[in-house]
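Grab a pencil and work through these exercises with the model open beside you. Each task comes with a solution that goes step by step.

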Amino acid sequence: MLDEAFNLLIAKHRNYGPGNIADAPGGPLNGLRVRLHDKSARWNHMLDNEVADAVGEDLQETFLDALNYCAIAILVLRGQWPGTES
């Protein structure tokens with residue numbers, strides 16, 4: 001499962017690059033807060049309404065994304081995410 005999360009992180013990192021976190025409005029942690037809020041809204045909607053996501057992201061991928069955002073937050077706090085070095 002952690003390999004799946006890592007592979008998803010790398011794939012999305014290639015799509016967005018590191019700046020989408022480092023240069024987020026309000027700072028990287030605020031950007032991550034918004035992304036995690038969006039993820040919780042997605043899983044709540046899917047669970048509460050027993051519906052599949054319209055763009056093809058299933059519940060497992062949603063939770064893998066949330067796991068990755070938490071890992072990125074730790075890297076940001078440690079100054080180890082690109083663009084956040086101390």
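Helices and strands here are DSSP runs, with at least four residues for a helix and at least two for a strand, numbered from the N terminus. Keep in mind that this is a predicted model.

**Exercise 1. Get the overall picture**

Work out which pattern the protein follows along its sequence, and how far its C-alpha trace spans.

Solution.
- Start by counting elements: the protein has 4 helices and 0 strands.
- Next, read along the sequence, and you get the pattern α-α-α-α.
- For the dimensions, take the principal axes: the C-alpha trace spans about 45 × 30 × 20 Å.
- Now look at burial: of the 86 residues in the protein, 30% are buried.
- Finally, consider contacts between residues at least 6 apart in sequence: 56% of them join residues at least 24 apart.

**Exercise 2. Check the length of helix 4**

Compare the span that helix 4 should have with the distance between its end C-alpha atoms.

Solution.
- Helix 4 covers residues 59–77, so there are 19 residues to work with.
- The expected span is 1.5 Å times one less than the number of residues.
- That gives 27 Å for helix 4, and its end C-alpha atoms are 27 Å apart, which agrees.
- Now look at the two ends. At the N-terminal end, Asp-58 acts as a cap, with a side-chain oxygen 3.2 Å from the backbone nitrogen of Gln-60.
- Past the other end, helix 4 is followed by Gly-79, which has a positive phi, near 70°.

**Exercise 3. Find what helix 4 hides**

List the buried residues of helix 4 and say what covers them.

Solution.
- The buried residues of helix 4 are Thr-62, Leu-64, Asp-65, Ala-66, Asn-68, Tyr-69, Ile-72, Ala-73 and Val-76.
- A bit of background helps when reading such a list: an α-helix has 3.6 residues a turn, so residues three or four places apart point the same way.
- The cover over these buried residues includes helix 1 (2–16), helix 2 (19–22) and helix 3 (28–49).

**Exercise 4. Describe how helix 3 and helix 1 pack on helix 4**

Decide how helix 3 and helix 1 are each oriented relative to helix 4.

Solution.
- Two packed helices are described by the angle between their axes and the distance between the axes.
- Take helix 3 first: it packs against helix 4 at an angle of about 165°, with the axes 10 Å apart.
- Angles over 145 degrees count as roughly antiparallel, and helix 3 and helix 4 are therefore roughly antiparallel to each other.
- Helix 3 also passes helix 4 in a left-handed crossing.
- Residues making this contact include Leu-32, Leu-36, Lys-39 and Trp-43 of helix 3, along with Thr-62, Ala-66, Tyr-69 and Ala-73 of helix 4.
- Now take helix 1: its angle to helix 4 is about 75°, and the axes are 9 Å apart.
- That makes helix 1 roughly perpendicular to helix 4.
- Among the residues in this contact are Leu-2, Ala-5, Leu-9 and Lys-12 of helix 1, plus Leu-64, Asn-68 and Ile-72 of helix 4.

**Exercise 5. Zoom in on Thr-62 and Lys-39**

Are Thr-62 and Lys-39 buried or exposed, and what does each one touch?

Solution.
- Thr-62 sits in helix 4. Its relative accessibility is 0%, so Thr-62 counts as buried.
- Leaving out residues up to four places away in sequence, Thr-62 touches Lys-39, Arg-42, Trp-43, Met-46 and Glu-57.
- Lys-39 belongs to helix 3. Relative accessibility is 8% for Lys-39, so this residue is buried too.
- With the same residues left out, Lys-39 touches Glu-57, Thr-62, Asp-65 and Tyr-69.
- One of these partners deserves a closer look: the side chains of Lys-39 and Glu-57 are joined by a polar contact of 2.7 Å.

**Exercise 6. Link distant parts of the chain**

Find out how far Gly-17 is from Pro-82, how far Asn-30 is from Ala-73, and which residues His-13 touches.

Solution.
- Gly-17 lies in the loop between helix 1 and helix 2, and its relative accessibility of 18% makes Gly-17 buried.
- Although Gly-17 and Pro-82 are 65 residues apart along the chain, their C-alpha atoms are separated by 9.4 Å.
- Asn-30, in helix 3, is partly exposed at 26%.
- Asn-30 and Ala-73 are 43 residues apart along the chain, with 9.8 Å between their C-alpha atoms.
- His-13, in helix 1, counts as partly exposed at 29% relative accessibility.
- Not counting residues up to four places away in sequence, His-13 touches Pro-18 and Trp-81.

Terms used:
Residues are numbered from 1 along each chain as its sequence is written. This is a predicted model: local features need pLDDT of at least 70, side-chain atom pairs count only at pLDDT 80 or more; totals for chains, interfaces and linings use all residues. Side-chain values use heavy atoms; hydrogens and water are left out. Buried means under 20% relative accessible area, exposed over 50%, partly exposed in between (1.4 Å probe, protein chains only). Contact means heavy atoms within 4.5 Å. A polar contact is a pair of N or O atoms within 3.5 Å; within protein, one must be able to donate a hydrogen and the other to accept it, and residues adjacent in sequence count only if both atoms are side-chain atoms. Axes are lines fitted to C-alpha atoms, for helices over the stretch in contact, and angles run from 0 to 180 degrees between N-to-C directions. Angles under 35 degrees count as roughly parallel, over 145 as roughly antiparallel, 65 to 115 as roughly perpendicular and the rest as oblique. A crossing is left-handed if the near helix is turned anticlockwise from the far one by less than a right angle, and right-handed if clockwise.
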